[in-house]
Amino acid sequence: MKILMLSLVLTLSTLQSAFALDQAGIDQLKKQGFEVRMGELTGAGSRLSLSHLAGFIHPNGIVMKQDCKSIAVAQSSDKVDPKISDVTKVVVDQSVIQASEFEGFFTFQ
């Protein structure tokens, strides 16, 4: 029983520190002058052009737009001015990240 309780306490403390790092990263983005939007890309992203995008917020960290090898958008999107909500997947290094995996995004102000 003691081992179970110790495992639970260690797990909870790890989760809290991971959240603190994520929140610190988001706060750092705000201090650098980025506008941070949390939630699905389809919300505020339906009004913002992909050209204003600075990066995505993923549960494992921040993905800068310049680090993306490619950003795929829906075929039905405006070819001249696609919106952030049109993003379907992002390729970073050897990883393909689906748009639904992102927790938010940040833009240049």
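**Entry 1: terms and the model**

I count a residue as buried under 20% relative accessible area, as exposed over 50%, and as partly exposed in between. With that rule I looked up E35, which is partly exposed because its relative accessible area is 29%. I keep in mind throughout that this is a predicted model.

**Entry 2: the chain as a whole**

I began with the secondary structure and found 1 helix and 7 strands in the chain. Reading along the sequence, I noted the pattern α-β-β-β-β-β-β-β. Of the 109 residues of the chain, 29% count as buried. I then looked up the contacts with a separation of 6 or more, and residues 24 or more positions apart account for 59% of them. The accessible surface of the chain comes to about 7200 Å², and 58% of that surface belongs to carbon and sulfur atoms.

**Entry 3: the open sheet**

In what order do the 3 strands of the open sheet lie? I read the order as β4-β5-β6, with antiparallel pairing. The edge strands are β4, residues 70-73, and β6, residues 95-98, each of which pairs on one side only. From one strand to the next the twist averages 20 degrees. For background I wrote down that strands of a sheet pair through backbone hydrogen bonds, either parallel or antiparallel.

I looked further at β5, residues 87-92, and found that 4 bridges join this strand to β6, the two running antiparallel. To place one of the residues I looked up V92, whose bridge partner in β6 is S95.

**Entry 4: aromatic pairs**

I turned next to the rings, where the count comes to 3 aromatic pairs. F34 and F106 form an edge-to-face pair, with 5.2 Å centre to centre and 70 degrees between the planes. F34 lies in strand β1 (residues 34-38) and F106 in strand β7 (residues 104-108), so this pair ties together parts that are 72 residues apart in sequence. Both F34 and F106 are buried.

Another of the pairs is F56 with F102, which is stacked, at 4.4 Å centre to centre and with 20 degrees between the planes. F56 lies in strand β2 (residues 53-58), whereas F102 lies in the loop between β6 and β7, so the pair ties together parts that are 46 residues apart in sequence. I checked the accessibility of each partner: F56 is buried, with a relative accessible area of 0%, and F102 counts as buried at 4% relative accessibility.

Which residues form one aromatic cluster with F34? I found that F34, F106 and F108 form one such cluster.

**Entry 5: salt bridges**

Side chains of opposite charge can pair when their charged atoms come close. For this chain the count comes to 2 salt bridges. In one of them the side chains of R37 and E35 meet at 2.6 Å, N to O. Is R37 buried, partly exposed or exposed? R37 counts as partly exposed, because its relative accessibility is 24% and the range between 20% and 50% carries that label. Its partner E35 is also on record in my first entry as partly exposed, at 29%.

The side chains of K83 and D81 meet in a salt bridge as well, at 2.9 Å, N to O. I noted K83 as partly exposed, with a relative accessible area of 25%, and D81 as partly exposed at 26% relative accessibility.

**Entry 6: T107 and its contacts**

I then looked up T107, whose place is in strand β7. T107 is buried, with a relative accessible area of 3%. Which residues does T107 touch, not counting residues up to four places away in sequence? With that exclusion, T107 touches F34, E35, L48, H52, L53, A54 and I84. Two of these I had already met: F34 in the edge-to-face pair with F106, and E35 in the salt bridge with R37.

**Entry 7: G55 and its contacts**

My last look-up was G55, which lies in strand β2 and is buried, with a relative accessible area of 0%. Leaving out residues up to four places away in sequence, I find that G55 touches V63, M64, K65, F105 and F106. Of these, F106 is the residue I had noted in strand β7. I also looked up a distance for G55: its C-alpha atom and that of V36 are separated by 9.5 Å, and the two residues are 19 residues apart along the chain.

Conventions:
Residues are numbered from 1 along each chain as its sequence is written. This is a predicted model: local features need pLDDT of at least 70, side-chain atom pairs count only at pLDDT 80 or more; totals for chains, interfaces and linings use all residues. Side-chain values use heavy atoms; hydrogens and water are left out. Two strands pair if DSSP finds at least two bridges between them. Axes are lines fitted to C-alpha atoms, for helices over the stretch in contact, and angles run from 0 to 180 degrees between N-to-C directions. Rings of Phe, Tyr and Trp (its six-membered ring) pair if their centres lie within 6.5 Å; planes under 30 degrees apart count as stacked, over 60 as edge-to-face and the rest as tilted. Buried means under 20% relative accessible area, exposed over 50%, partly exposed in between (1.4 Å probe, protein chains only). A salt bridge is a side-chain nitrogen of Lys or Arg within 4 Å of a carboxyl oxygen of Asp or Glu. Contact means heavy atoms within 4.5 Å. Accessible areas come from the Shrake-Rupley method with a 1.4 Å probe; for residues, only the protein chains shown count as cover.
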